Amino acid sequence: MNREETWEKTYKKIWKFVSVNHRGPSHHRETEMKMTNWMKYNRKRLNKDMMCEKRKKEFIKLKELISSFHRINQYC
């Protein structure tokens with residue numbers, strides 16, 4: 001399996017996780033640590049502009065999906 005296939009596989013795994021659990025992976029749970037580290041690594045690459053355009057678009061969609069589940073304080 002090459003890097004592109006591995007990236008796509010991990011991306012789909014995290015997308016499914018977020019869709020089912022309505023939250024991003026947590027660094028407090030041992031079973032989710034690999035997904036968290038993958039997100040952090042790719043966020044750094046995105047910020048340094050080291051990603052190809054296809055991956056940028058897909059990763060930004062994933063970040064938007066995760067942020068859509070963030071809660072808003074009802075008392076503000």
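The following paragraphs go through a predicted model of one protein chain, from its overall make-up to the contacts between its helices.

The secondary structure of the chain amounts to three helices and zero strands, and read from the N terminus the elements follow the order α-α-α. Along the principal axes, the C-alpha atoms occupy a box of roughly 45 × 25 × 20 Å. The chain has 76 residues, of which 33% count as buried. When contacts between residues at least 6 apart in sequence are considered, 47% of them join residues at least 24 apart.

Helix H1 covers residues 3-21, and its length can be checked against a simple expectation. At 1.5 Å a residue, the 19 residues of H1 should span 27 Å, and the C-alpha atoms at its ends are indeed 27 Å apart, so the two values agree. The buried residues of this helix are Trp7, Glu8, Thr10, Tyr11, Ile14, Phe17 and Val18, a list that includes the charged residue Glu8. These buried residues of H1 pack against both of the partner helices, H2 (33-47) and H3.

Two packed helices are described by the angle between their axes and the distance between the axes. For H1 and H3, the latter formed by residues 53-68, the angle is about 15° and the axes are 10 Å apart. Because angles under 35 degrees count as roughly parallel, H1 is roughly parallel to H3. The crossing in which H1 passes H3 is left-handed. On the H1 side, the residues that take part are Arg3, Glu4, Trp7, Glu8, Tyr11, Ile14, Trp15, Val18 and Ser19, and they meet Lys54, Arg55, Glu58, Phe59, Lys61, Leu62, Leu65 and Ile66 of H3. Sorted by class, this contact of H1 with H3 holds nine nonpolar, one polar and seven charged residues.

H1 meets H2 at another angle, since their axes cross at roughly 115° and come within 11 Å. Here too the crossing is left-handed. From H1 the residues Trp7, Thr10, Tyr11, Lys13, Ile14 and Phe17 contribute, and they meet Met35, Trp38, Met39 and Asn42 in H2. By class, the contact of H1 with H2 consists of seven nonpolar, two polar and one charged residues. Trp7, Tyr11 and Ile14 are listed among the H1 residues that meet H2, and they also appear among those that meet H3.

The remaining pair is H2 and H3, which pack at an angle of about 125° with their axes 11 Å apart. H2 and H3 are therefore oblique to each other, and their crossing is left-handed. In this contact Trp38, Met39, Asn42, Arg43 and Leu46 of H2 meet Lys56, Phe59, Ile60, Leu62, Lys63 and Ile66 of H3. The contact of H2 with H3 comprises, by class, seven nonpolar, one polar and three charged residues. Trp38, Met39 and Asn42 in H2 take part here and also in the contact with H1, while Phe59, Leu62 and Ile66 in H3 meet residues of H2 as well as residues of H1.

A last point concerns serine 68, which lies in helix H3. Its relative accessible area is 49%, so serine 68 is partly exposed. Serine 68 and arginine 23 are 45 residues apart in sequence, yet the C-alpha to C-alpha distance between them is 8.8 Å.

Terms used
Residues numbered from 1 in each chain as written. Predicted model: local features only at pLDDT ≥ 70, side-chain atom pairs only at ≥ 80, totals over all residues. Heavy atoms only, no water. Axes fitted to C-alpha atoms, helices over the stretch in contact; angles between N-to-C directions. Helix = DSSP H or I, 4+ residues; strand = E, 2+ residues; numbered from the N terminus. Parallel < 35°, antiparallel > 145°, perpendicular 65-115°, else oblique. Left-handed = near helix turned anticlockwise from the far one by under 90°. Contact = heavy atoms within 4.5 Å. Expected span 1.5 Å × (residues − 1). Buried < 20%, exposed > 50% of the residue type's maximum accessible area, 1.4 Å probe, protein only.
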